[in-house]
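Grab a pencil and work through these exercises with the structure open beside you. Try each task yourself before you read the solution.

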Amino acid sequence: MSSGVEQHDPRACDGALAKAFTFLGKRWNGVILATLMSGPATFSGLRRAVGSISDSVLSDRLVELAGAGLVTREVCEGPPVSVTYQLTEAGQSLMPVLDELADWARTHLTLQ
């Protein structure tokens, strides 16, 4: 007989943590956020800093990060017209976590 109360398996991953890793683990999202830690960047600056990302994938990821409220997009009237991206307050609040994750990786993972 069920009591109507949902039981939580203590071995199950927390739903919020799973969601965070799904989002941040998506290729390039974490790298783009980490790149913006040092301050605002233009689209071309991000493309150079991130490396082998295509323009279309970078654009898609920036739209996704902006939609999640982690990045803002500001169009700077030119000439030439440029677009600058920067972390929002929510994006900045993620930086200590990314710093800790990077420290952990340097200590515990063999990076090649």
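One term before we start: buried means under 20% relative accessible area, exposed means over 50%, and partly exposed lies in between (1.4 Å probe, protein chains only). By that rule Tyr 85, at 8% relative accessibility, counts as buried.

A word on the model: it is predicted, so local features need pLDDT of at least 70 and side-chain atom pairs count only at pLDDT 80 or more, while totals for chains, interfaces and linings use all residues. Residues are numbered from 1 along each chain as its sequence is written, and side-chain values use heavy atoms, with hydrogens and water left out.

**Exercise 1. Take stock of the chain.**

Task: Find how many helices and strands there are in the chain, and in what order the elements run.

Solution:
- Step 1: Know what to count. Helices (H or I, at least four residues) and strands (E, at least two) are DSSP runs, numbered from the N terminus.
- Step 2: Count them. You get 6 helices and 3 strands.
- Step 3: Read off the order from the N terminus: α-α-β-α-α-β-β-α-α.
- Step 4: Check the burial. The chain has 112 residues, and 25% of them count as buried.
- Step 5: Look at the contacts, where contact means heavy atoms within 4.5 Å. Take those between residues at least 6 apart in sequence: 48% of them join residues at least 24 apart.

**Exercise 2. Draw the sheet.**

Task: Work out the order of the strands in the sheet and which strands stand at the edges.

Solution:
- Step 1: Recall the background. Strands of a sheet pair through backbone hydrogen bonds, either parallel or antiparallel.
- Step 2: Apply the pairing rule, by which two strands pair if DSSP finds at least two bridges between them. β1 and β3 are joined by 2 bridges and run antiparallel, and β2 pairs with β3 over 6 bridges, also in the antiparallel sense.
- Step 3: Put the order together: this is an open sheet of 3 strands, β1-β3-β2.
- Step 4: Spot the edges. β1 (41-42) and β2 (71-76) each have a single partner strand, so one side of each has no neighbour in the sheet.
- Step 5: Pin it down with partners. Ala 41 has Tyr 85 in β3 as its bridge partner, and Thr 72 has Gln 86 in β3.
- Step 6: Look at the link. β2 and β3 make a hairpin, with 5 residues between them.

**Exercise 3. Visit two residues of β3.**

Task: Find what Thr 84 and Tyr 85 are in contact with, leaving aside neighbours within four places in sequence.

Solution:
- Step 1: Place them. Thr 84 is in β3 (residues 82-87), and Tyr 85 is found in β3 too.
- Step 2: Check the burial of Thr 84. Its relative accessible area is 17%, so Thr 84 is buried.
- Step 3: List the contacts of Thr 84: Pro 40, Ala 41, Thr 42, Thr 72, Arg 73, Glu 74 and Cys 76.
- Step 4: Do it again for Tyr 85, whose contacts include Leu 36, Phe 43, Leu 46 and Leu 62.
- Step 5: Compare sequence with space. Tyr 85 and Leu 36 are 49 residues apart in sequence, and 7.8 Å apart in space, C-alpha to C-alpha.

**Exercise 4. Meet two loop residues.**

Task: Locate Trp 28 and Ile 53, and decide whether each is buried or exposed.

Solution:
- Step 1: Find the loops. Trp 28 lies between α1 (15-24) and α2 (29-35), while Ile 53 sits in the loop between α3 and α4.
- Step 2: Use the relative accessible area. Trp 28 has 14% and is buried; Ile 53 has 6% and is buried.
- Step 3: Look at the backbone. Trp 28 has a positive phi of about 90°, although it is not a glycine.
- Step 4: Bring the two together. They are 25 residues apart in sequence and 7.9 Å apart in space, C-alpha to C-alpha.
- Step 5: Leave aside neighbours within four places in sequence, and Ile 53 is in contact with Trp 28, Ile 32, Arg 47 and Leu 58.
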